[in-house]
Amino acid sequence: MKKKIAIIAHNGKKAEMVQFLNENREILQSKAIHLIATGTTGAKTETAGFEVEKLLSGPIGGDAQIAAKVAEGQIQMVIFFRDPMDKHPHEPDIFMLMRICDVHNIPLATNPATAKLLIQGI
Ligand SMILES: O=C(CO)COP(=O)(O)O
């Protein structure tokens, strides 16, 4: 079964997400990873030349959709580059997603250094 990785980045972190994906393109392609993303992160990911399943944008429920998939056992890793310097109207959804990852023991990286370690271990 293809491993599914959810990728999410706040606006201030989207460039870092694209950079991270580019730096790890070989691993992602050789391991045939299925990427799934919140709406705008997904659009940027497509522009960078990756295939990605796009859900709703974060503020209108994308984080909640990813959390539901984690709870259902459909996602094996979450890479979520949060912007700690910005406020988010959907903060409850963000915390809910992180909590659900902990409830289900799903690896969650919230910065590129951790994501690099996780992706090398997949
Ligand atoms: O808001 C987000 C995560 O909390 C990300 O959503 P977008 O990828 O749609 O910008």
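**Figure 1. Surroundings of N105 in the predicted model****.** N105 is exposed, because 7 other C-beta atoms lie within 10 Å, and exposure is assigned at 12 or fewer. The residue is placed in the loop between helix 5 (91-103) and strand 5 (108-109). Although N105 is not a glycine, its phi is positive, at about 55 degrees.

**Figure 2. Surroundings of A32, in the loop between helix 2 (25-30) and strand 2****.** A32 is not a glycine, yet its phi is positive, near 50 degrees. A32 has 8 other C-beta atoms within 10 Å and is therefore classed as exposed.

**Figure 3. The shell of residues around the ligand****.** The ligand is surrounded by I8, H10, T38, G39, T40, T41, S57, G58, P59, G62, D63 and I94. By class, eight of the shell residues are polar, three are nonpolar and one is charged. Helix 3 and helix 4 each contribute at least two residues to this shell. The greatest contribution comes from helix 3, which supplies three residues.

**Figure 4. Residues annotated as "binding site" in UniProt****.** The unreviewed UniProt entry lists H10, K14, T38, G39, T40, T41, S57, G58 and H90 under this feature. Two of the listed residues, T38 and S57, are shown individually in the views that follow.

**Figure 5. Close-up of T38, in the loop between strand 2 (34-37) and helix 3 (39-47)****.** T38 is buried, because 27 other C-beta atoms lie within 10 Å, and burial is assigned at 20 or more. Apart from neighbours within four places in sequence, T38 is in contact with I8, L55, L56, S57, G58, G62, D63 and I66. T38 also belongs to the residues around the ligand, and the UniProt entry includes T38 in its "binding site" list.

**Figure 6. Close-up of S57, in the loop between strand 3 (53-54) and helix 4 (62-71)****.** S57 has 16 C-beta neighbours inside 10 Å and therefore counts as partly exposed. When residues up to four places away in sequence are left out, S57 touches T38, G39, T40 and G62. S57 is among the residues around the ligand, as are its contact partners T38, G39, T40 and G62. In the UniProt record, S57 is one of the "binding site" residues.

Note on methods: Residues numbered from 1 in each chain as written. Predicted model: local features only at pLDDT ≥ 70, side-chain atom pairs only at ≥ 80, totals over all residues. UniProt positions renumbered as here; feature names shortened; annotations may be inferred. Helix = DSSP H or I, 4+ residues; strand = E, 2+ residues; numbered from the N terminus. Contact = placed C-beta atoms within 7 Å. Near = placed C-beta within 6 Å. Nonpolar A, V, L, I, M, F, W, Y, C, P; charged D, E, K, R; others polar.
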